[in-house]
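Here are my notes on this one, as numbered points. Have a look at the fold first, then read on.

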Amino acid sequence: MPLEEVPDPVFAQRMLGDGVAIDPVEGCLYAPCDGEVSVLQPTGHAITLRAGDAIEVLMHIGIDTVQLAGKGFEPEVKVGDRVRRGDVLIRFDLDAVVCGAPSVVTPVLVIRQDGVELSPSHLSGMVSPGDVLFTVARAAPEIKAAAGPEGPLFSRDVVVPLAHGIHARPAAKLREALVPFDAKVTIAKGERSADARSPVGLMTLAIKLGDTIRIEAYGPIGAKAVETLAAMIESGMGEKADPATASRPVPTPAAPIAIATDEPGLLAGVSAAPGLAIGAARFFRLPEIEIDPIGKGDGVERASLMDGLAKVSRAIEGELAHASGPMRSILSAHRAMLDDPELLAAASDAIGQGASAAQAWREALRPQADLLRTSGDPHLAERADDMVDLERRVVAAIAGVGDAPLAFPVGTILLADDLLPSQVSAIDPAQVRGFCTVGGGPTSHVAILAASLGIPALVAMGPALRGVREGETVILDSGAGTLRVAPNDAQRAEAQARVDARAAALAAARSAASAACHLADGTRIEVFANLGSASDAVRAVATGAEGSGLLRTEFLFLDRDTAPSVAEQTAEYQAIADALDGRPLIIRLLDIGGDKPAPYLPIGAEENPALGLRGIRVGLAHPKILEDQLRAILGVRPIGQARIMLPMIASIGELRAVRAVLDRLRAELGIEERVELGIMVETPAAAATADLLATEADFLSIGTNDLTQYALAMDRGNPAVASGIDGLHPAVLRLIADTCRGAATQNRWVGVCGGLASDPLAVPILIGLGVTELSATVAVVPEVKAVLAGLTLERARAHAAAALACATAADVRRLAREFTA
């Protein structure tokens, strides 16, 4: 069929070149001419042959088949191979492509070049392998007036209005916008520039709100590309800052600061993951993979690089299928970097200059990682760690080696200059009791992974950490932010007593984890778990969770260009419900805002996102998003297992608006069973009017993290005040008590799904205030149940009354420690 019939404008409008299209009836792609394989996509869905006279022939199996991530494609050749006409290039599962892609139509075209003429032999009708599709010849060269490398230079200066600057998401959108343009476009900030098609290159420029950048390209096509990018950036791309904010200088985020200590043998750091551990200090220095830096020929090394990238790409896709939480975001970052054109171009240039494939990949990534690390932006610095991690993975794949499993003696406190995310995820908590690093930050991927593994960690300890002797006994106290080196007998005994007491409590809790939770006097208290995936649900059931009091649904909506479909959402919710095996599942509706925007939701940047369009306000402002999510939840079976919870409720009007939509959808779907609709109490307004809200809400669940920051007027993301935020502040406890009293007037139960539910010191106070359901992090469910098993309601109420009478959060915590001692 002619290219005009291809359901993709990039091909149909001949933006890449001219040719024909094939609608295949078998799953095999044959070489249409003699040539050399110059490009083979890592996912195996597209291939380019370099034929005679430097003509490039592209064959792209199906439309948007890159989204299949290589599934169903089996290349029979690799980059650098010489092929003859009729040789098999790629075998593919035709049924899988038909079902998984918008179209199986396969463009076969000559990539656009000046002076190349194409004469089709077939424009439509049946063809077989070996038939002539078209002939190609070079026309006589045309003499053109010199006007620069590719025509006149066009440029535009643009002031960046994006609240968060040009970070990974807008950089990726700019790359996508350039697909139709056959022109090299650069973006410059000051004296440095980057290929506009390279998200990594753009991130290294550290472009921030208010920066003036220059977009440049040559020729008339380049001029259109420049105007397209300028218009996109000036529009704000869904992240435009408020004009009042845009004119102000953007502060550089402060680096984490460790509290100095003058006590000999006591080193200070920044807490990255909570806990207390005693062990022997052991340094971790992963040796660099040894490679031959000199290449064995251009073709051999290019093939080796593409083979290594393909291996890592397939491995990442496999890992993504089972990953959740922080590991999933790390893998997604790695996958995006594999396709970055600037990294691939830099590696290709290095190979052209004689480097081996592994050496070329190192030379491509390391300078970019260094630029990100020195950008002054902690978020970009995290991407530097990802790049170093990805460098090692690809080099190992090229070299055909693998890192030996990380193994340490039991009782190790690991010390390192820095750790990569993949190294932390490979740590065995049975061997390593905690770790400390010279560098790093408390919000890095490394810190998040440590917390999810339950490994105490300190970061940003500085060069003094290198002075600790190998094998020296140390006490890592993340709560205090200290590492005590060579403790005396009394210090060690005190720390050991604390460790032993916690271990004994956990062991007892795990042995009784499967039993329903009751207080010592028989009072029933439900202990649920906070979840973010089906794998979390499996772990929660294993630890004794009686259901889920909070399913965060943001994982379905973020890091993508379009909203998830109803079917996709239902499938995810159903998988989690099935994993819970009939236990209750409370699904919180989408809770995002201007601080974490989704590209398909036009939420403008706000001076204070915490007080702007977020929580249920987003759903009410975008009715289709709200309605689709409610439809998806109503699709979970059995009906009633999945309950619905509304985030950031401040008035009964918001609850009524959602109730009206829910009732309408139930009627449309013929659902007669009751589906519970509850609210999160995260604002002082909701706590103060709990009695009113309880007349129409089926349950109330307190989000103590947001309730605390709103009650204390302290932004938990602001390091200048974050240390003063404590959910055990008497003001917060009084709001919780008000909520429980208000709900009781309508016989509604009150739960807690915020951080206090996972704090063993806070649990008795919460029960004494009237809370009857706790939803904790999966890892602490057994410990919470153990605390409750030794508690009576009478004692809890007396303890809560004493806590309400305290003057400060510190006083409450002191009281709580005495109560649990």
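How many bridges join strand β25 to strand β26, and do the two run parallel or antiparallel?

1. **The pair in question.** There are 3 bridges between β25 (residues 548-552) and β26 (residues 585-588), and the two strands run parallel. If you want a spot to zoom in on, take Leu-551, whose bridge partner in β26 is Ile-587. Bear in mind throughout that this is a predicted model.

2. **The barrel.** That pair belongs to a closed barrel of 8 strands, ordered β24-β25-β26-β27-β28-β29-β30-β31, with parallel pairing. Going from one strand to the next, the twist averages 30 degrees. Two helices to look at here are α19 and α25. Helix α19 (residues 652-669) packs on the sheet and touches β27 (642-646) and β28 (677-681), with its direction at about 155 degrees to that of β28. Helix α25 (residues 781-789) also packs on the sheet, touching β24 (526-531) and β31 (773-776), and makes about 160 degrees with the direction of β24.

3. **Strand β31 and its partners.** β24 and β31 pair in the parallel sense over 4 bridges, and Ala-529 has Ala-776 of β31 as its bridge partner. Strand β30 (residues 750-752) is joined to β31 by 2 bridges, again running parallel; here Gly-751 is matched with Glu-773 in β31. Which way do the β31 side chains point? Glu-773 and Ser-775 go one way, Leu-774 and Ala-776 the other way, and all are buried.

4. **The open sheet.** Elsewhere there is an open sheet of 6 strands, in the order β1-β9-β5-β4-β3-β7, and its pairing is antiparallel. β1 (17-22) and β7 (82-83) are at the edges with a single partner strand each, so one side of each lacks a neighbour in the sheet. For β7, strand β3 (residues 35-40) pairs with it in the antiparallel sense over 2 bridges, and Glu-36 stands opposite Arg-82 in β7.

5. **A loop residue worth a click.** Ile-55 sits in the loop between β4 (46-50) and β5 (56-60). Is Ile-55 buried or exposed? Its relative accessible area is 8%, so Ile-55 counts as buried. Ile-55 and Ala-137 are 82 residues apart in sequence, yet their C-alpha atoms are 9.2 Å apart in space.

6. **Helix α5.** The 17 residues of α5 (residues 219-235) should span 24 Å at 1.5 Å a residue, and the end C-alpha atoms are indeed 24 Å apart. Its buried residues are Gly-219, Gly-222, Ala-223, Ala-225, Val-226, Leu-229, Ala-230 and Ile-233. Down the axis of α5 these fall within an arc of 165 degrees, so they line one face of the helix. An α-helix has 3.6 residues a turn, so residues three or four places apart point the same way. Pro-220 and Lys-224 are exposed on the other side of α5. Just after the helix, Gly-236 takes a positive phi of about 90 degrees.

7. **Helix α27.** This helix (residues 809-820) has 12 residues and reaches 17 Å from its first C-alpha to its last, close to the 16 Å expected at 1.5 Å a residue. Ala-809, Val-812, Ala-816 and Phe-819 are buried in α27. Because they cover an arc of only 80 degrees around the axis, they lie on the same side of α27. What covers the buried residues of α27? The cover includes α23 (730-744), α24 (763-769) and α26 (793-804).

8. **Thr-482.** This residue is in strand β23 (residues 482-485). With a relative accessible area of 16%, Thr-482 is buried. Leaving aside neighbours within four places in sequence, Thr-482 contacts Leu-266, Leu-267, Leu-458, Ile-475, Leu-476 and Asp-477.

9. **Where to be careful.** The mean pLDDT of the protein chain is 83, and 84% of its residues reach 70 or more. Two stretches to flag are residues 140-148 and residues 244-260. Over residues 140-148 the pLDDT stays under 50, and the model has 2 contacts there beyond four places in sequence. Residues 244-260 also have pLDDT below 50, with 20 contacts in the model beyond near neighbours in sequence. Where pLDDT is low, the predicted coordinates should not be read in detail.

Note on methods:
Residues are numbered from 1 along each chain as its sequence is written. Side-chain values use heavy atoms; hydrogens and water are left out. Two strands pair if DSSP finds at least two bridges between them. Axes are lines fitted to C-alpha atoms, for helices over the stretch in contact, and angles run from 0 to 180 degrees between N-to-C directions. Contact means heavy atoms within 4.5 Å. Buried means under 20% relative accessible area, exposed over 50%, partly exposed in between (1.4 Å probe, protein chains only). The expected span of a helix is 1.5 Å times one less than its number of residues. The arc is that of the directions from the helix axis to the C-beta atoms. pLDDT is the predictor's confidence in each residue, from 0 to 100.
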